[in-house]
Amino acid sequence: MQATAYTYDPQTRSGQVLLDDGTPVPFDAAAFDAGGLLLLRPGQRVRIETEGEGDAVRITLVTLQTL
């Protein structure tokens with residue numbers, strides 16, 4: 001699934017992405033670390049993996065979207 005980086009805190013390595021419908025979804029340090037990223041800037045397109053559904057959706061991986 002694709003999303004857009006919305007917020008990112010380098011101290012906690014957590015933040016939020018915006019889904020294409022505008023829904024903000026938070027991610028934690030574990031999801032950030034799983035993607036192997038060093039930095040994330042608001043506005044970057046990212047690929048995410050999730051588990052759960054609806055209000056219980058949780059991001060398990062955040063990485064940059066590549067072509």
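**Exercise 1. Pair the first strands.** How many bridges join strand E1 to strand E2, and in which sense do the two run?

*Solution.* Step one: find the strands. E1 covers residues 2–9 and E2 covers residues 14–19. Step two: count. Six bridges join E1 to E2, and the two strands run antiparallel. Step three: check one position. Ala3 stands opposite Leu19 in E2. Keep in mind throughout that this is a predicted model.

**Exercise 2. Build the sheet.** What is the order of the strands in the open sheet, and which strands stand at the edges?

*Solution.* Step one: add the next pair. E2 and E3 pair over four bridges, in the antiparallel sense. Here Gly15 stands opposite Phe27 in E3. Step two: write the order. The open sheet has five strands, E3-E2-E1-E4-E5, with antiparallel pairing. Step three: look at the ends. E3 (24–27) and E5 (58–64) each have a single partner strand, so one side of each is left without a neighbour in the sheet. Step four: add the twist. From one strand to the next, the twist averages 40°.

**Exercise 3. Read the turn and strand E3.** Which residue takes a positive phi in the hairpin of E2 and E3, and which side chains of E3 are buried?

*Solution.* Step one: go to the turn. The hairpin of E2 and E3 has four residues between its strands. Gly22 takes the positive phi, near 90°. Step two: walk along E3. Its side chains alternate. Val25 and Phe27 point to one face and are buried. Pro24 and Pro26 point to the other face and are not buried.

**Exercise 4. Find the aromatic cluster.** Which residues form one aromatic cluster?

*Solution.* Step one: recall the description. A pair of rings is described by the distance of the centres and the angle of the planes. Step two: count. There are two aromatic pairs. Step three: take Tyr8 and Phe32. Their ring centres are 4.8 Å apart and their planes 25° apart, and the pair is stacked. This pair links distant parts of the chain: Tyr8 is in strand E1 and Phe32 in helix H1 (residues 29–34), 24 residues apart. Step four: take Phe27 and Phe32. Their centres lie 6.5 Å apart and their planes meet at 15°, so this pair is stacked. Step five: join the pairs. Tyr8, Phe27 and Phe32 form one cluster. Step six: test burial, with the cut-off at under 20% relative accessible area. Tyr8 has 16%, so Tyr8 is buried. Phe27 has 4%, so Phe27 is buried. Phe32 has 1%, so Phe32 is buried.

**Exercise 5. Map the nonpolar core.** Which residues touch the most other members of the largest nonpolar core, and which element gives the most to it?

*Solution.* Step one: list the residues. The core has 14 residues, and Val17, Phe27, Leu40, Val46, Ile48, Ile59 and Val62 touch the most other members. Step two: sort by element. E1, E3, H1, E4 and E5 each supply at least two residues. E1 gives the most, with three. Step three: inspect Val46. Val46 lies in strand E4 (residues 45–51). Its relative accessible area is 0%, so Val46 is buried. Beyond its sequence neighbours up to four places away, Val46 touches residues including Val17, Leu40 and Val62. Step four: inspect Ile59. With the same exclusion, Ile59 touches residues including Val17, Phe27 and Ile48.

**Exercise 6. Trace the salt bridges.** How many salt bridges does the whole structure have?

*Solution.* Step one: count. There are four. Three are traced below. Step two: take Arg13 and Asp33. Their side chains meet at 2.7 Å, N to O. Arg13 is in the loop between E1 and E2 and Asp33 is in helix H1, so the pair ties together parts 20 residues apart in sequence. Arg13 is partly exposed at 32%, and Asp33 is partly exposed at 38%. Step three: take Asp20 and Arg45. Their closest N and O atoms are 2.9 Å apart. Asp20 is in the loop between E2 and E3 and Arg45 is in strand E4, 25 residues apart. Asp20 is exposed at 61%, whereas Arg45 is partly exposed at 31%. Step four: take Glu51 and Arg58. Their closest N and O atoms are 2.9 Å apart. Glu51 is partly exposed at 40%, and Arg58 is partly exposed at 38%.

Definitions and conventions:
Residues are numbered from 1 along each chain as its sequence is written. This is a predicted model: local features need pLDDT of at least 70, side-chain atom pairs count only at pLDDT 80 or more; totals for chains, interfaces and linings use all residues. Side-chain values use heavy atoms; hydrogens and water are left out. Two strands pair if DSSP finds at least two bridges between them. Axes are lines fitted to C-alpha atoms, for helices over the stretch in contact, and angles run from 0 to 180 degrees between N-to-C directions. Buried means under 20% relative accessible area, exposed over 50%, partly exposed in between (1.4 Å probe, protein chains only). Rings of Phe, Tyr and Trp (its six-membered ring) pair if their centres lie within 6.5 Å; planes under 30 degrees apart count as stacked, over 60 as edge-to-face and the rest as tilted. Contact means heavy atoms within 4.5 Å. A nonpolar core is a set of buried Ala, Val, Leu, Ile, Met, Phe, Trp, Tyr and Cys residues joined through side-chain atoms within 4.5 Å.
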